[in-house]
Each structure stands twice: as structure tokens, then as C-alpha cells.
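Work through the exercises below with the model open. Each task is followed by a stepwise solution.

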Amino acid sequence: MDEPLDGNSEYYPMPGFPTLAASDLARSRLFYVEGLGFKHIFSIPGPDGQPVLEHIRFCRYADLLLEPLPRGAEEHPGLRGKGVRLTFSLPLAGRQAEEMARRARELGALVEGPVERPWNTRDVVVQDPDGYVLVFTEPVDVTATFDDILGNIASSPTA
């Protein structure tokens with residue numbers, strides 16, 4: 001049973017949101033909700049009663065919609081999400097990078113990190129079951145100024 005609506009799940013107009021095509025909606029919903037801590041907002045059932053859309057939310061204004069793959073898309077799995085990364089800010093949702101990485105690994109996800117970046121973030125990069133890439137990021141030093149960060153980037157061998 002889904003949790004009742006709360007402050008994280010109230011209705012509001014979404015200024016923008018990605019819709020991801022999933023090869024298995026139930027598996028993807030489990031991955032995002034159980035593995036990454038998203039909240040399930042609602043499902044829309046199709047004619048056979050099976051969901052044709054899953055609305056999930058990481059935190060306010062960080063919503064995702066999951067829908068089934070279009071017919072024939074299974075033939076091109078390498079194209080899903082190619083070149084696109086969805087980034088979520090961890091402090092807004094009260095999570096930590098290490099915990100996010102642990103939970104994603106427990107579900108068998110490909111995970112990079114946590115790794116500190118020269119632009120003052122600690123990032124966890126997760127690949128979902130369909131190959132979409134999500135980045136969960138948190139600041140390293142909340143007292144750093146913009147000039148400090150630009151200096152770190154300029155002196156970094158990887159920037």
C-alpha cells in the first residue's frame with residue numbers, strides 16, 4: 001500500500017519533468033522507490049488494469065514519470081537516455097551520498113562514487129535498470145564562495 005499524501009506528495013503544477021520509458025514499470029518503480037528513496041505519487045492504469053504511467057517524486061519539484069517503452073524500442077536499448085543525465089540535489093531531500101550509493105548497490109545498480117568533484121560537490125552516479133543515468137549531488141563545503149570554487153576548478157587536473 002502506498003503511503004498517504006503528505007507534504008512531499010501534495011499536488012502542484014510541475015514546471016518541468018522528465019518522462020522515462022521503462023522496459024518493466026514494476027521493476028523501475030521498485031528501483032526508484034525502494035532503492036533510491038523516491039516517493040510513489042500515483043499510477044494510471046491501462047485498459048487491462050496494469051499501470052501505463054507511474055508518477056514518482058524525489059523531492060518537491062523533482063518529479064519523474066515512468067511509462068512503458070514504445071513498441072519496437074526493445075530493439076535499441078543502447079539509445080535510451082544516451083547523453084542525458086538527470087541530477088538531483090541531496091540536501092534538498094535530506095539524504096547523504098554514501099547512503100544513496102549503498103542503497104543503489106544493494107539493488108545491483110551500476111554506481112560510481114561517492115566522488116568529490118572540483119566544483120565543490122560529492123556525487124553519486126547511478127544507472128537505472130534501463131540505462132538512464134542519475135546523479136545525486138551534495139555540497140562538500142557550504143562555506144565555499146563562488147571564487148573559491150572557480151579556483152578549485154581552474155587548478156584541477158580533471159576539470
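A residue is buried under 20% relative accessible area, exposed over 50% and partly exposed in between, with a 1.4 Å probe and protein chains only. The model is predicted, so local features need pLDDT of at least 70, side-chain atom pairs count only at pLDDT 80 or more, and totals for chains, interfaces and linings use all residues. Residues are numbered from 1 along each chain as its sequence is written, and side-chain values use heavy atoms, with hydrogens and water left out.

**Exercise 1. Describe the chain as a whole.**

Step 1. Take burial: 38% of the 159 residues of the protein chain count as buried.

Step 2. Count the elements. Helices (H or I, at least four residues) and strands (E, at least two) are DSSP runs, numbered from the N terminus. The protein chain has four helices and eight strands. Their order along the sequence is β-α-β-β-β-β-α-α-β-β-β-α.

Step 3. Take the contacts (heavy atoms within 4.5 Å). Among those between residues at least 6 apart in sequence, 57% join residues at least 24 apart.

Step 4. Take the surface, using Shrake-Rupley accessible areas with a 1.4 Å probe; for residues, only the protein chains shown count as cover. About 9,300 Å² is exposed by the protein chain, and carbon and sulfur atoms supply 57% of it.

**Exercise 2. Analyse the aromatic pairs.**

Step 1. Apply the rule. Rings of Phe, Tyr and Trp (its six-membered ring) pair if their centres lie within 6.5 Å; planes under 30 degrees apart are stacked, over 60 edge-to-face, and the rest tilted. The count is seven aromatic pairs.

Step 2. Classify Phe38 and Phe88. Their pair is edge-to-face, at 5.4 Å centre to centre and 85 degrees between the planes. Phe38 sits in the loop between α1 (25-35) and β2 (39-45), Phe88 in strand β5 (residues 85-89), so the pair links parts of the chain 50 residues apart. Phe38 and Phe88 are both buried.

Step 3. Classify Phe58 and Phe136. This pair is tilted, at 5.3 Å centre to centre with 55 degrees between the planes. Phe58 is in the loop between β3 (51-57) and β4 (63-68), while Phe136 is in strand β8 (residues 133-139), 78 residues apart. Phe58 is buried because its relative accessibility is 2%. Phe136 is buried too, at 0%.

Step 4. Join the rings. Phe31, Tyr32, Phe38, Phe58, Phe88 and Phe136 form one aromatic cluster.

**Exercise 3. Compare two salt bridges.**

Step 1. Set the criterion: a side-chain nitrogen of Lys or Arg within 4 Å of a carboxyl oxygen of Asp or Glu. The structure holds ten salt bridges.

Step 2. Take Glu106 and Arg102, whose side chains meet at 2.3 Å, N to O. They are separated by about one helical turn because they lie four residues apart in helix α3 (residues 97-106). Glu106 is exposed at 57% relative accessibility, whereas Arg102 is partly exposed at 37%.

Step 3. Take Glu116 and Arg122. Their closest N and O atoms are 3.4 Å apart. Arg122 is buried, with a relative accessible area of 18%.

Step 4. Extend the second bridge. Glu98, Glu116, Arg122 and Glu138 are linked in a network of salt bridges.

**Exercise 4. Place Asn120.**

Step 1. Locate the residue: Asn120 lies in the loop between β6 (110-117) and β7 (121-127).

Step 2. Assign burial. Asn120 is buried, because its relative accessible area is 12%.

Step 3. List the partners. Beyond neighbours within four places in sequence, Asn120 is in contact with Glu138, Pro139, Val140, Asp141, Ala144 and Ile149.
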